[in-house]
Amino acid sequence: MTSHSGELADRSRVEHTGRRLRLVSGGLGITLITLLIVAAPSQTAPSRVVNVLAQPAVPAATLIDTFMKRAVEYGQFNGTVLVIDRGRRVYERAFGEANREWHVPNSVTTRFEIASMTKPMTAIVIMQLVQEGKLRLDGKVFEYVPYYPAETGQRITVEQLLTHTSGLQQDMGFIDDPIAAVINADLLSNDSLVKLISQRPLRFEPGTGYGYSSDAYAVLGAIIEHVTGRSYWDALRERVLQRAGMSETGVSLLGPVVQRRASGYAQTWDGYENAPHIGVTPAGGLYSTLADLERFDRALYSDTLVNEESKRLLFAARSVITAYGWKTSEDTLQSGVTRRVLRTTGGLPGFGAVMVRVPSLQRTIIMLTNIRTITWRLEDFAASIGRILDGRPYALPKRSVAEALAADLKAQVRPEVLDRHFEQMRTDTARYTLSEAELNQLGYHALNSWRDVPRAIAIFQVNVRAFPKSGNVYDSLGEAYLAQGDTVRARANYRRSLELDPNNTNAADILRRIGPPR
């Protein structure tokens, strides 16, 4: 079964000198250090859980740099990082390439597409209009967008759009329809897009469920346009970007030439490829830099953008996963201290972005990348950096077993060599991490892209050995055997899948189709 796995600070504090990067921090007792940027990966020490409490005091910047260099060495990060703690910069660095074809390096001023990190800014404009008395959170879409069909427009509220409880579909730019190509070529106005969105059936009755929806934020953009009389992008520029001083942020349209803009790439099991452009909308249409996102972060501490009452709504803890552009949670430490953690993320086929804010500590971690890796790791990396800042134990990045096996498959190693390599990595938990989802993805890549059924079977067999209590791994192996024409083994694996997961309707349907043994 296929698994689907979403410059207010002192800039002189970071100096680039040849191949050296100087980091300065005034917090956490961190002193001036000078770090060499290594041209080639160094000998890797075993990955382990680092207990910083049991070791001599090491500057946080040094620990973060060691962590990030390990992630870069393993091909898990390519981009820029900024860490602020107690309101002061702890760490800022760029890794990898902005353009792989020309080997142009990333710098801390590189501009990256930030995708859904546009959503919090859309929500801020909405809250400004609420503050101004120009719209209501309980107001209906039809009140503000006259062309929106009354049948649904009178049932969906502004707040339901903000909280992904409107019932609207996920993202029209990703549908399997010729109109997606028009959207992703930036050929539609937001009104034209919303007119198409309004014709799509609802997933559920508004207010009765949760379903992440970029389409909902496109509708919020239309509300902004009709209430302000300005285009969404002009309203955003005037109400958010200019007020926060974000001069390095703009609309990531495909056509314009933008200085220092990174090219976007997608990591695949075959290497890297140029990622497709996704059309700009109020759900995700900006590029930005570390410095501008730092400006945005600082503006959120004041009433520059919205007042305290609006911020209470924007940053409220909720039962839904994300709302108003933020994932809000309460982090409880061993001491019993509770603090609010705000996360906003963005992902496109060739870009990824994360900002984690802990307002009570004036802490912000920003990570921007122009390579969408097979496995999304940015939030895990940011969490580990947070643990470093807290002085808590954290785990260094580990190599992916699936990625190592993919290299073996491409090298066409013998099955017994692949099995031996897998067992070595499986037991070396200090260096390697094993993921059922990654192995499943690799198996389907072999099956559907390489059209190599034997190699797909080999990977699915490995996944069964690693995760013998998962119904999904047997389902996938059964599918590969079915593709090979081996109905006996296919039937046995689908039966085992159904035993482990009685709700697996796919396995039940296929067993009925292939029938009992003859």
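Two strands pair if DSSP finds at least two bridges between them. Helices (H or I, at least four residues) and strands (E, at least two) are DSSP runs, numbered from the N terminus.

The model is predicted: local features need pLDDT of at least 70, side-chain atom pairs count only at pLDDT 80 or more, and totals for chains, interfaces and linings use all residues. Residues are numbered from 1 along each chain as its sequence is written, and side-chain values use heavy atoms, with hydrogens and water left out.

**View 1. Strand 11 meets strand 12 in a hairpin.** Strand 11 covers residues 265-268 and strand 12 covers residues 271-274. The two run antiparallel, joined by 4 bridges. A link of 2 residues completes the hairpin. Look for A266: its bridge partner in strand 12 is E273. In a regular strand, side chains alternate between the two faces of the sheet.

**View 2. F67 and F381 form an aromatic pair.** Rings of Phe, Tyr and Trp (its six-membered ring) pair if their centres lie within 6.5 Å; planes under 30 degrees apart count as stacked, over 60 as edge-to-face and the rest as tilted. The count by this rule is 6 aromatic pairs. One of them, F67 with F381, is edge-to-face, with 5.5 Å centre to centre and 85° between the planes. This pair links distant parts of the chain. F67 lies in helix 1 (residues 60-73) and F381 in helix 12 (residues 378-390), 314 residues apart. Y394 joins F67 and F381 in one aromatic cluster. Both F67 and F381 are buried (under 20% relative accessible area; exposed is over 50%, partly exposed in between; 1.4 Å probe, protein chains only).

**View 3. Two charged ends sit over tyrosine rings.** The rule asks for NZ of Lys or CZ of Arg within 6 Å of the ring centre and within 35 degrees of the ring normal. R100 places its charged end over the ring of Y272, 4.1 Å from the centre. For K119, the ring is that of Y217, and the distance to its centre is 5.7 Å.

**View 4. Q412 occupies a loop between two helices.** Helix 13 (401-410) comes before this loop and helix 14 (415-427) after it. Q412 counts as exposed because its relative accessibility is 64%. Its C-alpha atom is 9.0 Å from that of R455, a residue 43 positions away along the chain.

**View 5. The whole chain, for orientation.** The chain holds 19 helices and 21 strands. Of its 518 residues, 52% are buried.
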